[in-house]
Amino acid sequence: MFVTGELDKATEIYREWEESYPRDFTAPVNFGNLYGIEGRYEPAVEQVQKAAKAGGDEARALEVMAGRLHGLMLSKDGKGAEGVAEVRKAADKYAAMAFDFGPPVTVKPPHELLGELLLEQKKPAEAKAAFA
């Protein structure tokens, strides 16, 4: 539904899922992605943090996702240095994680987002290192 743009329908389904399975992390993760797509980073971070608390084995990956979103939110709010620091922490956590099989949990690896933020701040040498 993200791909087709049916965000209202997705919201309805996630609400039903959340009501049916209140301890499951699936709905908060999807709400976090939905809010991120809409550019609503604060509720996106809150939802992903909520998911991380309930996430079991996926908790570490969800913490990375929350850090990435929080850094992006700070950067979009004009706090570039703080945003870069937050995404850098997320990238370090991501790099320390064991390799997992299957599709990636994160939409964009945090080191890639870090490189993009550094390029926006006119720091190409640091960006090159982040992309490496």
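These legends walk through a few close-up views of a predicted model.

**View 1. A patch of negative charge on the surface includes E19.** Four residues gather here: D8, E12, E16 and E19. Let's pick out E19, which sits in helix 1, the stretch covering residues 7–20. Is E19 buried or exposed? E19 has a relative accessible area of 66%, and over 50% counts as exposed, so E19 is exposed.

**View 2. F31 is a buried residue of helix 2.** Helix 2 runs over residues 26–37, and F31 is part of it. With a relative accessible area of just 1%, F31 is buried, because anything under 20% gets that label. Who does F31 touch, once we skip residues up to four places away in sequence? The list is T11, Y14, R15, E18 and Q47. Take Y14 from that list: 17 residues separate F31 and Y14 in sequence, yet their C-alpha atoms are 7.1 Å apart in space.

**View 3. Here are the buried residues of helix 6 and what covers them.** Helix 6 spans residues 110–120. Which of its residues are buried? They are P110, L113, L114, G115, L117 and L118. Look along that list with one rule of thumb in mind: an α-helix has 3.6 residues a turn, so residues three or four places apart point the same way. The cover over the buried residues of helix 6 includes helix 4 (59–76), helix 5 (80–96) and helix 7 (124–131).

**View 4. S75 of helix 4 is in contact with L117 and E120, among others.** S75 belongs to helix 4. Its relative accessibility is 15%, which is under the 20% cut-off, so S75 counts as buried. Leaving out neighbours within four places in sequence, the contacts of S75 are G80, G83, L117 and E120. You've already met L117, one of the buried residues of helix 6.

**View 5. K122 follows helix 6 and has a positive phi.** Where is K122? You'll find K122 in the loop between helix 6 and helix 7. Its phi is positive, about 60°, even though K122 is not a glycine. Most residues other than glycine have a negative phi. As for the surface, K122 has a relative accessibility of 71%, so K122 counts as exposed.

Technical notes. Residues numbered from 1 in each chain as written. Predicted model: local features only at pLDDT ≥ 70, side-chain atom pairs only at ≥ 80, totals over all residues. Heavy atoms only, no water. Patch = residues over 30% accessible without salt bridge, like charges linked within 9 Å, V, L, I, M, F, W, Y side chains within 5 Å. Areas by Shrake-Rupley, 256 points an atom, 1.4 Å probe, with all protein chains shown as cover. Salt bridge = Lys/Arg side-chain N within 4 Å of Asp/Glu carboxyl O. Lys, Arg positive; Asp, Glu negative; His and termini not counted. Charge placed at Lys NZ, Arg CZ, Asp CG, Glu CD. Helix = DSSP H or I, 4+ residues; strand = E, 2+ residues; numbered from the N terminus. Buried < 20%, exposed > 50% of the residue type's maximum accessible area, 1.4 Å probe, protein only. Contact = heavy atoms within 4.5 Å.
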